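Could you walk me through this model in the viewer, one selection at a time? I'd like to know what to click on next and what I'll find there.

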There are 2 protein chains.
Amino acid sequence: MLKRLYLKNPQDTLLGRQITTKALQLINTIGFEAFTFKKLALNIKTTEASVYRYFENKHHMLLYLVNQYWTHIYNVAQYHCQTEPKAKNRIQFILKLILNPELPEHKIHTSFDINALYQLVLWEGSKTYLTRNVNQFNKNLFFKPFKELSLLLAREIKIFHPTYKFSKSLASTLLEMAHLQHFYSLYLPSLTDAKKNQPRDVMRFLNQLLNM
Amino acid sequence: MLKRLYLKNPQDTLLGRQITTKALQLINTIGFEAFTFKKLALNIKTTEASVYRYFENKHHMLLYLVNQYWTHIYNVAQYHCQTEPKAKNRIQFILKLILNPELPEHKIHTSFDINALYQLVLWEGSKTYLTRNVNQFNKNLFFKPFKELSLLLAREIKIFHPTYKFSKSLASTLLEMAHLQHFYSLYLPSLTDAKKNQPRDVMRFLNQLLNM
DNA sequence: TAAAAATAATAGTAATACTATTAATAAACA
DNA sequence: TGTTTATTAATAGTATTACTATTATTTTTA
């Protein structure tokens, strides 16, 4: 019943790794709608059919890449939370992490370019669940990495504010808004108080939402 | 320089009105990605080429419909704000409006089905700006209705909390989250504290964000 | 080394996203 | 009123997309 996001694990072969690496670059360059397996294949001098041996379609590929991102963020967050004794600091760490995933103190090994994955999630992340397949994808646990991170943050919020009634909603709001306020600051500045490329501005806003 | 969202105003002809009405239904049924002008044309027994005489492409058509929604909401909000003396009540009215746009007290004439437009914005709204054309679209004022509503709400927040530093970010957050928390409650319930189809739950959360 | 298995490329197809051209209809005006 | 003009709609295309079935090649392993 439970399906994987790939037909064949792209990390197992050289071609597979080229496919995912170049797909990330190409989607970031031209956008997910304009991205096709044909263009990807031309870029790495293979064929469309070979790409199809790894991924059923481009939506699955997008979810695979987005999940690489959230899994990485979750792992870094989880690792840090184990050693940090104060809930307040744990929350601050997670917020800093989702705003600046490439900072030195956040580094844990991944084969992917974290900044590129951040860009991908910023632009294309919502498209993973804004589809009529959302229920089927959810059953297959395709959103597990994001949901686990959100629940981790919700638990920390609950520890910090035990009487607070909306920890899950607040956690997902913080995760979504970290990206969206950044996006607004770049492209729709009248929708935000954050200055262009000032994650600290977004941080201040998120902290205000947390009453911290 | 400034472009319109349509090539020919669909409200001016019977065929145009059929096109927009059926497009709204069809996108809501099958989703924007699966929606094509061909399918639309078959549905109203016209031809693809005729639809192209009204809209340059389906993305423009989506923006046209989404803007019908935000324009309507803005008008209702604006109208009510003129007569309501208390800023707190004006904010509450706007929040109720975006959560329940079809309530009797919100009714103002539109030729569109407001519930259908709400569904459309819930599922497809973000896709209007998550595109590489965002700057060009923004220059053409394609996001004006949403931005004006957000600024209206930001002004009311500023009146209510004159020292508050993030009124624009908070306004856009409330508008986005009203929809997203509802979506989560329906399809990804672990990301929210709101129960399925309980706009009051979302309302309580948004009020908490406002400290009201 | 030969057979089996895994991988990749070739060569398609149906559907999509348009466009150029022609036909039909309605409006303007002489 | 009849003719011209402008508007609107339909026909018939094309290049691209999103796949799939089949064949060829390479790698593994018995």
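The tour below goes from the pair of protein chains to the two DNA strands and ends inside chain A.

**Stop 1: both protein chains**

Before you start, keep in mind that this is a predicted model. Show chain A and chain B together and superpose one on the other: a rotation of 180° with 0.0 Å of shift along its axis does the job, with an RMSD of 0.0 Å. That is how a two-fold axis relates copies. To find the axis from chain A, select A:Leu209, whose C-alpha is the nearest one in that chain, 3.0 Å away from the axis. Both copies use the same surface here, as 100% of the contact residues of chain A recur in chain B.

**Stop 2: the interface between A and B**

Now select the residues where the chains meet. You should get 51 residues of chain A in contact with 52 residues of chain B. The area buried between the two chains is about 4,400 Å², and carbon and sulfur atoms give 60% of it. Which residues of chain A lose the most area to chain B? Pick A:Leu130, A:Arg132 and A:Asp193; together they make up 17% of what that side buries.

Stay on A:Arg132 and bring up B:Glu124. These two form a salt bridge, with their closest N and O atoms 2.8 Å apart. The count of salt bridges between chain A and chain B is two. If you turn on polar contacts as well, there are 28 residue pairs between the chains, counting those with both residues at pLDDT 80 or more.

Next, color the chain A side by helix. The elements that give two or more residues to the side touching chain B are H1 (14–30), H6 (114–124), H7 (134–139), H8 (144–160), H9 (167–187) and H10 (199–209) of chain A. Which of these gives the most? Select H9(A), which supplies 13 residues. Recolor this side of chain A by residue type and you'll see 23 nonpolar, 17 polar and 11 charged residues.

**Stop 3: DNA strand C**

Move over to strand C and select what surrounds it: 14 residues, the closest being A:Lys8, A:Thr46, A:Ser50, B:Thr36 and B:Glu48. Of the strand C atoms that come within 4 Å of the protein, sugar and phosphate account for 66%.

Zoom in on A:Thr46, where an N or O atom of the side chain sits 2.6 Å from a phosphate oxygen of strand C. Then hop to A:Tyr54, which has a side-chain N or O atom 3.2 Å from a phosphate oxygen of that strand. On the other chain, try B:Tyr52: a polar side-chain atom lies 3.2 Å from a sugar or linking oxygen of strand C.

For the backbone view, show helix H3 (48–52) of chain A and helix H3 (48–54) of chain B, each of which supplies at least two residues of the surface near strand C. By type, the residues of that surface are four nonpolar, five polar and five charged.

**Stop 4: DNA strand D**

Switch to strand D. Here 14 residues surround the strand, and the closest are A:Glu48, A:Tyr52, B:Lys8, B:Thr46 and B:Ser50. Sugar or phosphate makes up 64% of the strand D atoms within 4 Å of the protein, and bases make up the rest.

Click on B:Ser50 to see a polar side-chain atom 2.8 Å from a phosphate oxygen of strand D. For B:Thr47, the corresponding distance to a phosphate oxygen of the strand is 3.5 Å. From chain A, A:Lys39 also places a polar side-chain atom 3.5 Å from a phosphate oxygen of strand D.

H3 of chain A and H3 of chain B each supply at least two residues of this surface. Select H3(B) for the most, with four residues. The residues near strand D divide into four nonpolar, five polar and five charged.

**Stop 5: a salt bridge inside chain A**

Over all chains, the structure holds 10 salt bridges. For one within a single chain, select A:Glu156 and A:Arg90, whose closest N and O atoms are 2.7 Å apart. A:Glu156 is in helix H8 of chain A and A:Arg90 in helix H5 (residues 87–99) of that chain, so the pair ties together parts 66 residues apart in sequence.

Conventions: Residues numbered from 1 in each chain as written. Chains lettered and ligands numbered in written order. Predicted model: local features only at pLDDT ≥ 70, side-chain atom pairs only at ≥ 80, totals over all residues. Heavy atoms only, no water. Near = heavy atom within 4 Å. Polar contact = N/O pair within 3.5 Å; in protein donor to acceptor, adjacent residues only side chain to side chain. Nonpolar A, V, L, I, M, F, W, Y, C, P; charged D, E, K, R; others polar. Contact = heavy atoms within 4.5 Å. Buried area = accessible area lost by both parts, 1.4 Å probe. Salt bridge = Lys/Arg side-chain N within 4 Å of Asp/Glu carboxyl O. Least-squares fit on C-alpha atoms with pLDDT ≥ 70 in both.
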